[in-house]
Amino acid sequence: MRPARFWYWVGGAIFPVNLLISVLLLSDNPEASPALIVGGILSPMLTFLVSVVVCVTVLVIRTSRLSGRRAQRRYAAVAAHAPPPGYAPPPGYVVVPPPVHVPARDVRPGLRWMLLGPVGLVLCVALGASAFWLFGSNAPQDRPEFASEVVPGGGSTVFQVEAGQTDSLGLYVAPRDGNPDSCRLSGRGGPRLVERVVSYSHGEWRLAHSVSVGSPGQYTLECSGSSDTEYVIADTDLAVEYDQAMLTGFGTLMLSVALGVLLSVALPVAVAIRRGNHRRRLVREYQASAYHAWVNGQGRRHG
């Protein structure tokens, strides 16, 4: 019977294989790009939905065809015990004509319409992935603008904060796994290193902290880290723009996936309901036709 049970294994294997690949790509990989991290998180979610849709679609198609075969076997069994031609029933006994069999090809809509669900899911996921890629490719890719000189571990520098920079500066560290907690700020108003506004990296530079200053002026950055680690005060506006673009792309992808899941469930259910209604209508029509033909045949035999 088609589709074969083999497709259960295919649908069920998509998710664990993708999950294993995502784990291998992201484990022990601190330098993974944001796109790789997001893809490694999203792809198992998407493949899980694909696995469910494939298995459900195979189940629905196989169940429908099995029901048709059972109905055909019941019809053949009843027809085998039907009275032979020319048989005259005793008085008061009515011979009921055998039940009719509705061929699966006569039921509308056809089973091919069941495939609209998985196709809709694939198209929606492709549309969402394209939108995510588009937003990601248009996100700012430039290096953040430095507001201070690069400070090696054990050094210090004085930098100037302008009027429009009081809320848009951060401490960047290179390499990415460098320790940013060895730095401190000094100057008027008690400047502080606070939690970063977003998670962001560019090349070897990683945004570690945001800078909190009360007013424009000169401030001092002092770091006591290892000599192979560098620190710099730089702009965070690009990091915020990049984060907003990625969130917009991620939201679009999630909405597209949700729409695809809805279509993948609603369309097969709607097709199954319409096929059931049409099958019942065809059964009534075929039974009426068979009954009239049987009555006419009985009338001719007794006429």
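How many bridges join strand S2 to strand S8? In this predicted model, strand S2 (residues 156-161) and strand S8 (residues 217-223) run antiparallel and are joined by six bridges. Within this pairing, Phe 159 stands opposite Tyr 219 of S8.

The side chains of S2 alternate between two faces. Thr 157, Phe 159 and Val 161 point to one face and are buried. Ser 156, Val 158 and Gln 160 point to the other face and are not buried.

Two of the buried S2 residues, Thr 157 and Phe 159, are also in contact with Ser 148. Ser 148 is found in the loop between helix H3 (116-138) and strand S1 (151-152). With its neighbours within four places in sequence left aside, Ser 148 is in contact with Val 232 and Ile 233 as well as with Thr 157 and Phe 159. The contact with Ile 233 includes an approach of the Ser 148 side chain to the backbone nitrogen of Ile 233, at 3.0 Å. Ser 148 has a relative accessible area of 10% and is therefore classed as buried, the cut-off being under 20%.

A separate feature is found at the surface. Val 17, Ile 21, Leu 25 and Leu 36 make a nonpolar surface patch of about 320 Å². Helix H1 (residues 6-26) provides the largest share of this patch, with three residues. Val 17, one of the patch residues, lies in helix H1. The relative accessible area of Val 17 is 47%, so Val 17 is partly exposed; this value is over the 30% required of patch residues.

Conventions: Residues are numbered from 1 along each chain as its sequence is written. This is a predicted model: local features need pLDDT of at least 70, side-chain atom pairs count only at pLDDT 80 or more; totals for chains, interfaces and linings use all residues. Side-chain values use heavy atoms; hydrogens and water are left out. Patches are made of residues with over 30% relative accessible area and no salt bridge: like charges are joined within 9 Å, nonpolar side chains (Val, Leu, Ile, Met, Phe, Trp, Tyr) within 5 Å. Accessible areas come from the Shrake-Rupley method with a 1.4 Å probe; for residues, only the protein chains shown count as cover. A salt bridge is a side-chain nitrogen of Lys or Arg within 4 Å of a carboxyl oxygen of Asp or Glu. Helices (H or I, at least four residues) and strands (E, at least two) are DSSP runs, numbered from the N terminus. Buried means under 20% relative accessible area, exposed over 50%, partly exposed in between (1.4 Å probe, protein chains only). A polar contact is a pair of N or O atoms within 3.5 Å; within protein, one must be able to donate a hydrogen and the other to accept it, and residues adjacent in sequence count only if both atoms are side-chain atoms. Contact means heavy atoms within 4.5 Å. Two strands pair if DSSP finds at least two bridges between them.
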